Amino acid sequence: MSEKNTYYITTPIYYPSDNLHIGHAYCTVAADAEARFRRLEGYDVMFLTGTDEHGQKIERKAIEAGKTPKQYVDDIVVGIKELWKILNISNDRFIRTTDDYHVAAVQKIFKKLYDKGDIYKHVYEGWYCTPCESFWTEHQLVDGKCPDCGREVELTKEESYFFRLSNYQKKLEELYEKNPHFISPQTRLNEMLANFIRPGLDDLCVSRTSFKWGIPVTFDEGHIVYVWVDALSNYITALGWGSDDDSLYKKYWPANVHLVGKEIVRFHTIIWPAMLMALDEPVPEMVFGHGWLLLAGGKMSKSKGHVVDPVVLCERYGTDAIRYFLLREVPFGSDGVFSNEALIGRINSDLANDLGNLVSRTLTMSQKYFDGKVTPGTAGEFDGDLKALADEVVGKYTELMEQMLFSNAFAEVFRLVSRANKYIDETMPWKLAKEEDQKDRLRQVLYNLCEVLRIVALLCQPAMPETSEKILGYLGADEKGRSWESVKHFGSTAAFATGKGEILFPRIDLEKELEALEKDKEKRAAEAAKAAKKAEKAAAKEEKKSSHAAAEPADEITIADFAKLNLRVAKITACEPVPKADKLLKLTLDLGGETRTIASSIRPWYSAEELVGRHIVIVANLKPAVFRGVESHGMLLACENSADDVKLIFADDCQPGSPVN
Ligand code: MSP
């Protein structure tokens with residue numbers, strides 16, 4: 001344990017753009033295991049996770065789903081929190097970038113950097129990858145596509161704010177040199193140097209004007225903060241940076257480690273430390289870039305239906321089995337392939353066979369020969385070997401866990417489990433039980449087995465907290481026997497009072513299970529298709545209802561009734577089709593300084609291009625409504641010559657914003 005007794009660990013904050021898959025769970029489970037391990041060691045741990053809710057990607061997804069961005073993220077965040085509960089994630093805080101305190105702190109960060117001269121205004125002209133929310137220059141593209149995800153990029157030209165990243169090139173190089181573990185593992189450092197640092201850093205575009213779903217720049221209306229500046233700031237805003245109460249920030253910052261996937265290492269090791277330097281704040285101690293969990297056939301992709309749902313796996317095999325598999329199967333840092341065969345194989349061999357057998361044999365014999373009351377007896381052959389291995393494993397495990405080498409750490413634990421099973425075969429307790437003068441020897445054998453199990457249970461706690469708790473319960477371990485200190489002292493338990501125990505991990509029939517999984521997948525796909533169809537129908541119905549409501553003829557009205565209408569001239573400044581809605585156009589309107597959007601079913605009669613620049617008349621005080629995710633505030637005046645001939649009322653000679661009486 002180092003001098004500092006706090007330990008701050010973070011996961012990336014996830015885009016609530018879809019339900020999360022097993023690849024996302026991978027990082028959070030790893031962070032959870034490390035957090036639990038550090039708590040065991042005695043650290044005061046702060047473990048943060050959350051959601052990254054702004055950006056063009058989310059805005060578009062919301063439109064497709066027929067919701068406002070906030071409604072959309074609110075719904076998905078519920079599922080993400082539920083997933084972390086199912087996976088037994090022990091985060092201390094959960095940040096949402098739509099939380100008020102975060103929004104205020106990001107605005108403060110942006111203003112501070114602007115006031116210092118680290119941010120300036122300029123025109124951005126280049127390429128943007130919306131799925132990655134990344135800017136690229138022409139020469140960075142690979143075959144004209146995003147170099148990270150290989151998808152299409154969009155040509156963007158906007159007046160934007162820029163962060164003087166180029167000014168921090170030298171300081172960043174010094175940071176990597178002074179702290180070689182800042183970017184871990186070493187391969188990630190090499191990647192960053194070769195791909196980004198050595199070619200030279202350009203200033204970074206840090207605001208957008210072409211969409212709305214983001215944190216507004218306080219001093220320039222229409223600009224929103226670039227989503228990565230917003231997102232990265234979460235690591236300090238979650239601790240109260242810049243707020244009235246920054247005690248958590250003072251206590252926990254700088255972070256010990258940001259755990260992130262390899263494709264976002266560059267944001268965390270270049271942009272983030274440069275931002276912190278510009279803010280005169282300390283940088284984190286380490287950014288660890290882990291590898292990807294792949295499927296046979298490549299990266300997981302929700303849009304291609306190429307994903308594994310962690311909730312389904314937890315339901316079938318139990319949370320601990322899934323957590324253990326994720327940590328054990330792939331060396332943390334490298335890519336690895338997920339397969340049902342590998343998962344079932346691992347559960348059967350390590351958990352059902354090795355660990356399960358050790359637990360059931362030890363408990364059964366303790367009951368049978370000593371009624372569960374197991375105390376030290378007479379030492380004998382093989383004891384020294386077992387104890388030496390237990391001590392060695394604890395030492396190695398600690399070192400490996402401190403370096404986040406989870407797979408190797410748990411390989412060590414299971415080396416001890418195997419050794420203990422072998423110890424049973426060597427000492428043959430059933431034979432000792434038959435010899436009257438071997439009672440004390442038998443007691444020692446079972447005592448040693450209980451000690452091994454106690455240590456194994458403690459070492460397994462970061463990966464399998466429930467199983468660990470069960471085993472410690474079966475052994476009747478007291479507070480001292482559950483302490484981290486006791487793990488280093490084989491033989492320190494005075495007595496065990498063991499119980500009966502249950503089968504921890506039932507063996508799985510591989511062939512039958514693979515068949516069942518396939519059927520389950522088909523069933524779920526059919527259910528999802530049905531639900532999507534139903535949602536589409538409901539949205540179409542809603543849309544129809546709203547447009548009909550406006551078309552109903554009215555009774556006679558008075559002047560006072562008419563005066564309730566706020567009719568105004570509006571200039572169409574932008575216009576685009578609403579995805580997945582045949583009739584809808586989204587119009588951006590200028591009402592003489594005020595900007596608003598209206599979604600209108602006029603696409604059968606007008607193209608988006610022909611409308612831009614035209615002046616029309618709108619009912620400006622119509623209550624806002626949401627159509628296919630577009631907030632529509634107002635109604636266009638149009639003339640219905642017939643059901644299939646509709647003409648807008650144009651007012652090109654009139655000033656935008658003028659009242660129409
Ligand atoms: N919102 C950003 C992170 C901002 S952090 C300030 C983001 N979100 S994400 O939801 O797309 O991804 C979150 C994390 O999940 C990333 O670290 C990413 O590498 C990880 N993974 C997504 N798919 C994965 C696998 N298939 N395997 C392992 N990790 C994966 O990026």
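This is a conversation about cavities and aromatic contacts in a predicted model.

Trainee: How many cavities of 30 Å³ or more are there?

Mentor: The count comes to two. The largest has a volume of about 50 Å³, and the second largest holds about 30 Å³ of space.

Trainee: Which residues line the largest cavity, and what makes them nonpolar, polar or charged?

Mentor: Phe110, Leu113, Ile119, Phe163, Leu204, Val206, Val229, Ile271 and Met275 line the largest cavity. Helix H4 (100-116) and helix H10 (265-278) are the elements that give two or more residues to this lining. Phe, Leu, Ile, Val and Met count as nonpolar, so the lining divides into nine nonpolar, no polar and no charged residues.

Trainee: How does the lining of the second largest cavity divide?

Mentor: That lining has seven nonpolar, three polar and two charged residues. Among its members are Glu133 and Arg208; Glu and Arg count as charged. His54, Gly55 and Gly214 also belong to the lining, and Gly counts as polar.

Trainee: Now the rings. Why is the pair of Trp253 and Trp272 called edge-to-face?

Mentor: There are 32 aromatic pairs by this rule. In this one, the centres of Trp253 and Trp272 are 6.2 Å apart, with 70° between the planes. Rings pair if their centres lie within 6.5 Å, and planes over 60 degrees apart count as edge-to-face, so Trp253 and Trp272 meet both conditions. The pair links distant parts of the chain, 19 residues apart: Trp253 is in the loop between helix H9 (247-252) and strand E11 (257-261), and Trp272 is in helix H10.

Trainee: How do you know whether these two are buried or exposed?

Mentor: Buried means under 20% relative accessible area. Trp253 has 7%, so it is buried; Trp272 has 0%, so it is buried too.

Trainee: What makes Phe288 and Phe332 a stacked pair?

Mentor: Their planes are at 15° and their ring centres 5.3 Å apart. Planes under 30 degrees apart count as stacked, so the term applies here. Phe288 lies in strand E12 (residues 287-290) and Phe332 in the loop between helix H12 (319-329) and strand E14 (336-338), so the pair ties together parts that are 44 residues apart in sequence. Phe288 and Phe332 are buried.

Trainee: Why is the charged end of Lys262 said to sit over the ring of Trp292?

Mentor: The charged end of Lys262 is 4.5 Å from the ring centre of Trp292, and the distance cut-off is within 6 Å, with an angle condition of within 35 degrees of the ring normal. The charged end of Arg614 likewise sits over the ring of Phe650, 3.7 Å from its centre.

Terms used:
Residues are numbered from 1 along each chain as its sequence is written. This is a predicted model: local features need pLDDT of at least 70, side-chain atom pairs count only at pLDDT 80 or more; totals for chains, interfaces and linings use all residues. Side-chain values use heavy atoms; hydrogens and water are left out. On a 1 Å grid over the protein atoms alone, a cavity is a set of points where a 1.4 Å probe fits but cannot get out, and a pocket is an open set with protein on both sides within 12 Å along at least five of seven lines; lining residues have an atom within 4 Å of a point. Grid points are joined across faces, edges and corners, and a volume is the space filled by probe spheres set on the points. Helices (H or I, at least four residues) and strands (E, at least two) are DSSP runs, numbered from the N terminus. Rings of Phe, Tyr and Trp (its six-membered ring) pair if their centres lie within 6.5 Å; planes under 30 degrees apart count as stacked, over 60 as edge-to-face and the rest as tilted. Buried means under 20% relative accessible area, exposed over 50%, partly exposed in between (1.4 Å probe, protein chains only).
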